Amino acid sequence: MVNEHPLSRGTVYICEICGYGYRRIGLAEQCELHCDSMQPSAEIRGKAVYRPPVEIVPTITVEETASQRSFA
Ligand SMILES: [Zn+2]
């Protein structure tokens, strides 16, 4: 399911699988379909308005991400 993130410059729809964000929910849904089939689409990602600082890998947990931030 697509995550909706209200930001100061407008809502961004985030692909839950790879973390890329899009202005249009349709693009985020297409991204999720591609990511779900293990074939991320470079064409769709090229339209992303938000890119995760690090590519999200399913094995990384929230706790690990938080502890990494505490070193920054
Ligand atoms: Zn995706």
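The following dialogue asks how some labels for this predicted model are justified.

Student: What makes strand 1 and strand 2 a pair?

Tutor: Pairing requires at least two bridges between the strands, and five bridges join strand 1, residues 3–7, to strand 2, residues 10–14, so the two count as paired. They run antiparallel, and a hairpin of two residues joins strand 1 to strand 2.

Student: How do you know that strand 2 also pairs with strand 3?

Tutor: Two bridges join strand 2 to strand 3, residues 21–22, and these strands likewise run antiparallel; because the criterion asks for at least two bridges, this pair meets it. The hairpin of strand 2 and strand 3 has six residues between the strands, and in that hairpin Gly19 takes a positive phi near 90°.

Student: Which residues stand across from Tyr13 in strand 1 and in strand 3?

Tutor: Glu4 stands opposite Tyr13 of strand 2, while in strand 3 the bridge partner of Tyr13 is Tyr22.

Student: Why is the run at residues 21–22 called a strand?

Tutor: A strand needs a DSSP run of at least two residues in state E, and strand 3 covers residues 21–22, so this run satisfies the requirement. The protein chain comes to three helices and three strands, following the pattern β-β-β-α-α-α along the sequence.

Student: What makes a residue count as buried, and what share of the chain does so?

Tutor: The label requires 20 or more other C-beta atoms within 10 Å of the residue's own, and residues that meet this make up 21% of the 72 residues in the protein chain.

Technical notes: Residues numbered from 1 in each chain as written. Predicted model: local features only at pLDDT ≥ 70, side-chain atom pairs only at ≥ 80, totals over all residues. Helix = DSSP H or I, 4+ residues; strand = E, 2+ residues; numbered from the N terminus. Buried ≥ 20, exposed ≤ 12 C-beta atoms within 10 Å, placed from the backbone.
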